Amino acid sequence: MTTSSHRRAVITGLGPLTPVGIGKDSFWNGLLSGQSAISQVTAFDPTPYHAQCAAELTDFHPEDHLPPHRLKRLDRFSQFALIAAHLALADSKLTLTPDSPNERYGVSFGTALGGLTDAESQHTSFLEKGPKAINKALALRVFGGASHSHIAIEFGLQGPGTTNANSCASGNIALGDAFRLIRENRADLVIAGAADAPISPLSFAAFDNINTMSRARLDPPALACRPFDQRRDGFVMGEGAAALVVEEFSHAQNRGAHVYAEILGFSLNNDAHHMTTPLPGGQPLVRAITDALHQAGLAPQEIDHINSHGSATQMNDHNEGTAIQEIFGSTETNPNLTVTATKAATGHSLGAAGAIEAVATCLAIDQNVAPPTLHLEQPDEDIHLNLVPHKPQKQTIRRALNNSFGFGGINSCVILAAPD
């Protein structure tokens, strides 16, 4: 696995909350089913917008997971985060309570927009009825750090606590930060993940106006998200969250925990080029992947599977696909490597995407199955990779790479490996 003297960080609990499924089993079955959660927007009337589709959590009922007194202080984004943490801890078979606080347990979370959509609805009330009409807890609901703070309060986690807001790379970066906290002996257990609930009129309009979302009008609407397909024309907004329990290896071993994967490497850099357009040629992305490989002590041929960022935008998919080929080779030279883009099923949940895809990567390793890339009918002519079209593929997956990239040119990579 690794000969490093650093402490080892392993993942022992998975808590996905997504449009294709809530909880590990439902989420995994949803990914493998070949069905997409993308449909016509129902949260509001999309008629005035160019984009028409989203992946919504339509069957989400927070009262099934949290008592009324907790829900009063939680907007949708914080509900997602806290419930995902509950799911991850239950999967990890850990019981943590505020009655037994732990200074060695922490939280590392991420979000792109935090409570912006809650602020949007409250602003409408403010304009219509004045200051007394807004929620008394609004100041505590809207800031991004509310997610990790609520998790810390719920479970008595008095160790390091942070929420990053690195756009669509936030979830991957939260996992990487948890990895570093464990390695550097600053924590023994970290709940890592991300949450976003961006599907509201203002947020949707903001992304629609910069022409980053798919404007395709297709039947069925799910076909609007087509990663690595020649006809791709933008991402489809989603919502959701995922939490992962990250533990120091001996801590997990001593309690007999099931280990899904070990974190071997993490990298983070910036294109330093443009807020929405990736640097042509993608060399910072190449460097991010190679830096993660170097930290993990792995050669490119030792990676079996990649969960790509695969956002279905023209330049991002092209840059990522060609960067992967530059490092790992094409299907001709590296036929065993699988590359999948799960956003065609889940939509793009902004900051939560990397955490959701980390869960998918852990399950791919645990189950030795690569999830499919949906709607791939006409692959990009410049990308010659096994993109696992339409159906899942059985294979031995010992080591995998999870890519997440964000506005502002942020590139993050996490390498996961099967446990020894």
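**Pockets and packing in the predicted model**

Helix H11 provides four residues to the lining of the largest pocket, the largest share from any one element. The structure is a predicted model, and this pocket has a volume of about 500 Å³. It is lined by 31 residues, and the closest to the centre are Thr-276, Pro-278, Thr-313, Asn-316 and Phe-407. Alongside H11 (314-328), strands S14 (399-406) and S15 (410-417) each put at least two residues into the lining. Chemically, the wall is a mix: 18 polar residues, 11 nonpolar and two charged.

Next comes the second largest pocket, with about 270 Å³ of space. Ala-43, Arg-76, Thr-117, Ile-199 and Ser-200 sit closest to its centre, out of 17 lining residues. Here helix H4 (residues 116-129) gives the largest share, four residues. The lining splits into six nonpolar, six charged and five polar residues.

Back on H11, Phe-328 belongs to this helix. With a relative accessible area of 6%, below the 20% cut-off, Phe-328 is counted as buried. Setting aside neighbours within four places in sequence, the residues in contact with Phe-328 are Ile-289, Leu-293, Pro-300, Ile-303, Ile-306, Asn-334, Leu-337 and Leu-401. As for long-range geometry, Leu-14 and Phe-328 are 314 residues apart in sequence, and their C-alpha atoms are 28 Å apart in space.

Two polar side chains are also worth a look. Asn-269 is part of strand S9 (residues 261-270), and its relative accessible area of 10% makes it buried. What does the side chain of Asn-269 pair with? One polar atom of that side chain lies 2.8 Å from the backbone oxygen of Pro-284, and a polar contact of 2.9 Å links the Asn-269 side chain to that of Asn-411. Pro-284 and Asn-411 turn up again in the wider contact list of Asn-269, which also takes in Arg-287, Ala-288, Gly-409 and Ile-410 once neighbours within four places are left out.

The other is Gln-395, found in the loop between strand S13 (393-394) and S14. Although a loop residue, Gln-395 counts as buried because its relative accessibility is 13%. A polar atom of the Gln-395 side chain lies 3.5 Å from the backbone oxygen of Asn-336. Beyond residues up to four places away in sequence, Gln-395 touches Asp-304, His-305, Asn-336, Thr-338, Asn-368, Val-369 and Ala-370.

Turning to helix packing, two packed helices are described by the angle between their axes and the distance between the axes. For helix H7 (residues 170-183) and helix H13 (residues 353-367), the axes come within 5 Å and cross at roughly 65°. On the H7 side the contact is made by Gly-171, Asn-172 and Leu-175, and on the H13 side by Gly-354, Ala-355 and Ala-358. By class, this contact has three nonpolar and three polar residues, with no charged ones.

Helix H8 (residues 201-209) has Ser-203, Phe-204, Ala-205, Phe-207 and Asp-208 as its buried residues. These are covered by elements that include strand S4 (53-55) and H4, and H4 is also the helix that gives the largest share of the second largest pocket's lining. Just past the end of H8, Asn-211 adopts a positive phi of about 60°.

How values were computed:
Residues are numbered from 1 along each chain as its sequence is written. This is a predicted model: local features need pLDDT of at least 70, side-chain atom pairs count only at pLDDT 80 or more; totals for chains, interfaces and linings use all residues. Side-chain values use heavy atoms; hydrogens and water are left out. On a 1 Å grid over the protein atoms alone, a cavity is a set of points where a 1.4 Å probe fits but cannot get out, and a pocket is an open set with protein on both sides within 12 Å along at least five of seven lines; lining residues have an atom within 4 Å of a point. Grid points are joined across faces, edges and corners, and a volume is the space filled by probe spheres set on the points. Ala, Val, Leu, Ile, Met, Phe, Trp, Tyr, Cys and Pro count as nonpolar, Asp, Glu, Lys and Arg as charged, and the others, Gly among them, as polar. Buried means under 20% relative accessible area, exposed over 50%, partly exposed in between (1.4 Å probe, protein chains only). A polar contact is a pair of N or O atoms within 3.5 Å; within protein, one must be able to donate a hydrogen and the other to accept it, and residues adjacent in sequence count only if both atoms are side-chain atoms. Contact means heavy atoms within 4.5 Å. Axes are lines fitted to C-alpha atoms, for helices over the stretch in contact, and angles run from 0 to 180 degrees between N-to-C directions.
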